[in-house]
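Please work through the exercises below with the sequence and the model side by side. Each task is followed by a solution that goes step by step.

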Amino acid sequence: MTQTFLARTIASCFMIFSGPGRAFAARLKRKTIVMLVLAVLSAGGLLFCTASGAGQASGPADQAATDQAAADSGEAPDPADDSLWELPVFMVLQEHPRPGEPITVIYVPAESQNDTDFRAVLTRSGERPISRGVFFEYFRTQGGRPVSAALLTVPSTLDSGEALIHIEGQTGIAGSRRVTVEPRDFVSETIPLNESNTAIRTVPDPQKTREAELLWSIITHTGVDIYTEEPFSAPVSSTRRTSFFGDRRIYAYSDGRSESSVHAGIDYGVPTGTDVLACAPGKTVLAAFRIVTGNTVIIEHLPGVYSLYYHMDRLLVEEGSLTERGTLLGQSGSTGLATGPHLHWEIRVSGENTDPDMMMLRPLLDKDFILSKINSEARAVDSQEARNSYQTEGR
Ligand SMILES: [Zn+2]
């Protein structure tokens with residue numbers, strides 16, 4: 001307990017010299033700082049001795065000790081207190097992502113930063129952008145400072161190794177962070193297609209092109225609405241999967257030719273008529289028949305984050321309607337390009353195929369976690385500066 005109390009006293013002493021007080025502290029001579037630190041340390045020790053007595057406050061000093069103990073008994077300082085933050089804040093929440101994994105990037109520009117329209121871009125040095133996400137305002141701190149987030153995904157086809165996340169504004173790159181893409185294996189499968197399924201994939205059709213363009217324009221749009229901050233749920237109760245995310249596929253056409261493809265979602269092998277449920281709260285942005293994907297629903301959940309449901313027998317939602325987790329969207333079937341009844345469930349983040357299992361594992365946005373991470377980094381900076389000043393004094 002002594003150590004905890006002293007640690008808190010020391011920590012609060014350091015906080016005096018952070019945030020707005022930093023400039024003032026920088027002007028003080030180092031010797032003065034050390035004397036102040038010693039004074040607070042000895043006061044802390046004194047207060048602790050008193051507080052550890054019978055606990056009966058009888059004078060101003062004792063009352064101060066009681067007040068201090070009461071204050072200390074609470075949690076850490078409010079994490080939304082941005083006066084302690086070192087700006088700019090630039091954090092990549094997944095530093096070792098796997099192919100198919102979504103990445104959350106947090107950015108709080110310095111107040112002098114005039115640039116706007118920031119994007120987070122995944123790239124390898126010297127190469128063109130691999131994937132990107134547009135920053136949107138996630139929330140404001142108590143001090144009114146906007147905390148922005150961008151969501152993007154490591155493509156399932158990306159090789160393992162070092163990569164970079166740039167923050168790009170209109171005037172150039174505002175910062176870079178290194179990430180390490182971990183290796184991952186995927187299933188390979190060959191799928192023979194009959195004549196009509198072969199035609200769906202290979203015969204040119206202006207309607208198919210229009211549908212592809214519309215779908216692409218929907219899933220690459222980054223809105224502003226945050227409908228959920230929870231992990232996603234599976235869209236059917238069955239756990240029987242007939243294809244997996246990222247499967248390397250070869251479509252064997254009826255005329256003997258073939259084409260390779262990567263499976264963008266999970267296939268659940270469920271009978272026609274199985275209820276299909278929304279995986280999370282959101283807004284229905286498409287509910288229509290499409291040539292390739294049959295009866296299709298698309299739901300927007302977060303800026304740039306969509307869930308897609310294909311091949312349904314019938315649709316039971318309307319475009320524009322809001323969904324809760326578990327809202328009935330329709331019943332599964334085998335419409336469009338399907339070799340049997342199943343539900344294809346897919347997640348897109350800023351246009352990129354994203355592993356649905358990772359969306360069920362953790363939320364992309366978690367305010368408490370983000371604030372605590374910003375604050376722990378701010379504290380680490382403060383402690384390092386304090387240690388440096390002690391070391392300099394000690395010589
Ligand atoms: Zn599928």
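In this predicted model, a residue counts as buried if 20 or more other C-beta atoms lie within 10 Å of its own, as exposed if 12 or fewer do, and as partly exposed in between.

**Exercise 1.** Classify glutamate 86 by its surroundings, and place glutamate 86 in the chain.

*Solution.* Begin with the count, which is 18 other C-beta atoms within 10 Å of glutamate 86. Because this number falls between the two cut-offs, glutamate 86 is partly exposed. Next, locate the residue along the chain: glutamate 86 belongs to the loop that lies between helix 4 (60-73) and strand 1 (89-92). Finally, consider a residue remote in sequence, alanine 378, which is 292 residues apart from glutamate 86 along the chain, although their C-alpha atoms are separated by 6.0 Å.

**Exercise 2.** Describe the open sheet that contains strand 9, starting from its strand order.

*Solution.* Start with the order, which is 9-11-12 for the three strands, with mixed pairing. The edges are then strand 9 (188-192) and strand 12 (258-262), each of which pairs on one side only. From one strand to the next, the twist averages 25°. Turning to strand 9 and strand 11 (residues 248-252), one finds that they run parallel and are joined by five bridges; isoleucine 191, for instance, has tyrosine 251 of strand 11 as its bridge partner.

**Exercise 3.** Summarise the chain as a whole, beginning with its secondary structure.

*Solution.* The chain comprises eight helices and 21 strands. Of its 395 residues, 30% are buried. Among contacts with a separation of 6 or more, 68% involve residues 24 or more positions apart.

Definitions and conventions
Residues numbered from 1 in each chain as written. Predicted model: local features only at pLDDT ≥ 70, side-chain atom pairs only at ≥ 80, totals over all residues. Pairing = 2+ DSSP bridges. Helix = DSSP H or I, 4+ residues; strand = E, 2+ residues; numbered from the N terminus. Axes fitted to C-alpha atoms, helices over the stretch in contact; angles between N-to-C directions. Contact = placed C-beta atoms within 7 Å.
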